[in-house]
Amino acid sequence: MREHGPRLNQYFFPARQRLPFMITMSYAHTSVLLPTGSMVSDNYIASRQRRRFPFWRTWNRLSKFQRYVLYCAVLLLTLLAVTKFQKYGEDMKIDVDSDGRLHIARQRVQKPIETEDLGKHQRYLDARRNEELKLEQERTGKDQTAAEENLPEGVEPLDIDQENGNDSVGGGNGAEVDTRPLARKKARMSTSARLSTIKPAFEQVQENMVVPKPRIFAGAANYRQKQVVEAFQWAYDAYKKYAWGHDELKPMSKSYKEWFKVGLTLVDSLDTMYIMGLTKEFAEAQKWVTESLTFDKNVDVNLFEITIRVLGGLLSAYHLSGDDVFKEKSLDLGERLLVAFETESGVPHSDVNLQKKTSHAPSWGPDSSTAEVTTIQLEFNDLSFVTGDPKFATKSFNVAEIVHKLPKKDGLVPIFINAVTGHFRQSAVISFGARGDSYYEYLLKQWLQDGKRSDWLRDDYVQAITGAQKHLMRSSLPNHLVFLGELHGPRFSSKMDVLACFLPGTLALGYMNGMPEDHLTLAQNLAYTCRQMYVRTATGLGPEIGHFNIGNSDTPADTVDMYIKTNDAHALLRPEYVESLFYLYRLTKNSTYQEWGWDVFLAIEKYAKVQSGGYASIENVNEAEKVRHRDHMESFLLAETFKYLFLLFDDERVLLPLDGYVFNTEAHPLPIRKPFVSLKPGTTLT
């Protein structure tokens with residue numbers, strides 16, 4: 001600008017009125033420029049003999065045009081200042097209605113809302129929306145009492161006074177479960193107004209709460225974590241080399257196996273890479289998801305498996321990284337899976353064709369697995385929150401409601417349910433193992449995910465644990481190992497799946513949130529039994545199934561607490577045992593659980609590692625001298641087993657705090673939310 005001074009001076013000021021200065025205006029400040037024309041000496045500024053002009057004399061020397069320009073400039077600055085002040089004042093007015101609002105409003109303007117502030121911000125949104133509805137009621141003159149009487153059964157008035165509700169996470173110490181109803185103030189809207197706010201409410205959540213702020217993870221912090229990260233990289237590098245873009249690695253033949261044809265291992269392990277700080281690997285996988293992942297494929301998929309592994313994996317990656325591509329892929333998959341719920345009963349079919357958008361019962365029979373149809377709710381609930389569309393949560397909640405109403409054996413459920421009739425197969429086994437396990441897990445986790453509002457989920461969970469203690473819990477001989485067997489009709493079986501080793505972790509999580517003291521005792525006893533299922537084998541790896549000695553005719557002659565049948569001796573490197581160790585360490589700070597987990601890791605390294613790359617399942621855990629491998633590396637090894645080991649060795653217990661996240665049954669962390677309405681069984685949102 002300095003080099004243009006003389007020219008501008010000549011243009012605006014006649015020769016007889018040229019000033020020794022000129023004023024230029026900018027948006028944010030005023031500057032004084034001294035031109036370097038021929039009429040001004042180069043040493044003019046530095047001269048101590050600079051001429052001084054009084055302001056009035058300078059003003060009188062200006063022409064009318066010059067004065068007009070200055071008037072306009074001053075007016076423009078004044079208008080800008082007034083506008084800015086008014087905008088600031090409006091923000092302040094919005095947030096002086098109640099305590100805490102001013103702070104939250106400034107957060108919204110200055111920076112994204114932190115995950116830790118979601119509960120506080122939720123209360124702000126609830127209160128503000130109700131104030132708006134109150135004003136609307138006053139303007140329209142609607143009768144409030146009549147409006148409340150018209151509320152549909154099951155929809156309760158909005159909880160404004162959050163402090164009176166049971167919405168804290170933690171507490172533990174064996175406190176008794178508070179079964180008192182939540183304190184609620186009266187609703188300020190009619191039935192039609194209530195139902196019309198459901199979808200906008202989800203949209204508000206999307207705008208104000210769910211848009212995630214990318215998390216930053218520093219990676220391994222100690223030797224054991226570094227070893228786990230190296231093991232993950234060994235497995236992932238082999239997948240990348242021999243099976244990139246395909247579902248699972250076949251490490252022995254250096255090839256791949258297809259199941260859903262959606263890059264299962266890659267998608268399932270996205271959040272593990274992110275949590276471990278493997279930015280290069282995550283970026284490569286992210287690029288593949290963006291450019292190559294498609295669900296427009298003529299393939300039948302299992303609703304449960306693709307929901308927990310792929311939908312859960314994409315949603316978790318979205319929450320951790322903030323990349324919208326994961327949300328877009330999640331929505332596409334969710335839309336394709338909704339057809340499974342189009343049954344006579346509302347209980348979904350087990351299989352879905354992604355391209356044709358059709359669903360059907362499994363090829364082996366007419367029923368769906370109880371655990372499978374009741375272990376999709378966390379993922380569909382979260383999909384509704386991030387997209388703003390309640391239909392996903394509505395469909396899955398309806399399934400939970402149907403199962404809630406069915407008759408049970410002290411809270412225990414058969415492992416099969418018919419999608420047409422919506423009833424259990426009464427002759428089916430009752431088990432905390434395969435096809436029954438995660439039904440109980442998701443009762444507790446749904447209750448946590450929605451902010452502890454739907455207390456019937458908690459009550460069903462507590463009743464089920466009581467039923468398990470009554471009907472399934474036994475002690476082995478001679479060392480009294482506590483285990484959970486199965487009911488085959490009236491007959492008790494001492495068979496316990498290694499899958500049931502998830503339960504100590506779930507019990508510990510429940511104890512953190514106010515469940516009874518005996519839940520923690522059962523968790524510790526079962527965790528010890530699960531350890532025995534591992535350390536009593538030749539390889540130190542747990543079998544798929546163990547059979548316990550309870551002194552009946554099925555037990556071999558030698559008196560051992562547990563024995564393994566040949567057909568049950570394989571190990572798929574499952575995560576349930578180390579998952580429970582993770583929860584117990586988080587709860588108790590007892591490093592013994594870390595030591596037990598380290599033993600599992602060393603056994604995997606010694607017996608399951610394949611020299612050409614990757615890891616393979618074990619044919620027989622009692623054959624240590626000459627290990628036989630299966631040509632298969634499960635996706636959950638990377639998604640769950642290595643992730644839980646990495647988190648277990650987090651000495652400070654700060655990664656992914658359990659009062660902010662709930663892990664789905666495939667170890668994908670999803671944020672804990674607070675819903676806008678509290679639902680009773682019998683309510684259907686449309």
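Start by selecting Val69: in this predicted model, Val69 is partly exposed, with a relative accessible area of 38%. You will find Val69 in helix α3, which covers residues 64–94. Now add Phe65 and Tyr68 to the selection. Together with Val69 they make up a nonpolar surface patch, with about 320 Å² of accessible area between them. While you are here, click on Cys72 as well, which is partly exposed at a relative accessible area of 35%.

**Next stop: the salt bridges**

The structure holds 23 salt bridges, and we will visit a few. Select Lys643 and Asp271, whose closest N and O atoms are 2.8 Å apart in a salt bridge. What does this pair tie together? Lys643 sits in helix α24 (residues 635–648) and Asp271 in helix α11 (residues 270–275), so the contact ties together parts that are 372 residues apart in sequence. Switch on a surface display and bear in mind that both Lys643 and Asp271 are buried.

Move on to Asp296 and Arg336. Their salt bridge has its closest N and O atoms 3.8 Å apart. This pair, too, links distant parts of the chain: Asp296 belongs to the loop between α12 (279–292) and β5 (300–302), Arg336 belongs to helix α14 (residues 324–337), and the two are 40 residues apart. Are the two partners buried or partly exposed? Asp296 is partly exposed, with a relative accessible area of 41%, whereas Arg336 is buried at 11%.

For another pair, select Glu605 and Lys609, whose side chains meet in a salt bridge at 3.5 Å, N to O. Glu605 counts as partly exposed at 21% relative accessibility; buried would require a value under 20%. Lys609 is partly exposed too, with a relative accessible area of 27%. Then pick Glu248, Glu305 and Arg309 together, since salt bridges with shared partners join these three into one network.

**An enclosed helix**

Select residues 437–449 to bring up helix α18. Its 13 residues reach 19 Å from the first C-alpha to the last, close to the 18 Å expected at 1.5 Å a residue. How many residues of α18 are buried? The count is 13 of the 13, so the helix is largely enclosed by the rest of the structure. Step just past the end of α18 to Gly451, which takes a positive phi of about 75°.

**A three-stranded sheet**

Switch to a cartoon view and look for the open sheet whose three strands run in the order β14-β15-β16, with antiparallel pairing. At the edges are β14 (495–497) and β16 (562–563), each pairing on one side only. Now select β15 (residues 545–548), which two bridges join to the antiparallel β16. To see one residue pair, highlight His547 and its bridge partner in β16, Tyr563.

**Last stop: the disulfide**

A search of the whole structure finds one disulfide. Select Cys501 and Cys530 to see it, with an S to S distance of 2.1 Å. Which hand does it have? The torsion about the S-S bond is about -105°, so the disulfide is left-handed. Trace the chain outward from each cysteine: Cys501 lies in the loop between β14 and α20 (503–512), Cys530 lies in helix α21 (residues 517–535), and 29 residues separate them. Colour by accessibility to finish: Cys501 counts as buried at 0%, and Cys530 counts as buried at 1%.

Terms used: Residues are numbered from 1 along each chain as its sequence is written. This is a predicted model: local features need pLDDT of at least 70, side-chain atom pairs count only at pLDDT 80 or more; totals for chains, interfaces and linings use all residues. Side-chain values use heavy atoms; hydrogens and water are left out. Patches are made of residues with over 30% relative accessible area and no salt bridge: like charges are joined within 9 Å, nonpolar side chains (Val, Leu, Ile, Met, Phe, Trp, Tyr) within 5 Å. Accessible areas come from the Shrake-Rupley method with a 1.4 Å probe; for residues, only the protein chains shown count as cover. A salt bridge is a side-chain nitrogen of Lys or Arg within 4 Å of a carboxyl oxygen of Asp or Glu. Helices (H or I, at least four residues) and strands (E, at least two) are DSSP runs, numbered from the N terminus. Buried means under 20% relative accessible area, exposed over 50%, partly exposed in between (1.4 Å probe, protein chains only). The expected span of a helix is 1.5 Å times one less than its number of residues. Two strands pair if DSSP finds at least two bridges between them. A disulfide is a pair of cysteine sulfur atoms within 2.5 Å.
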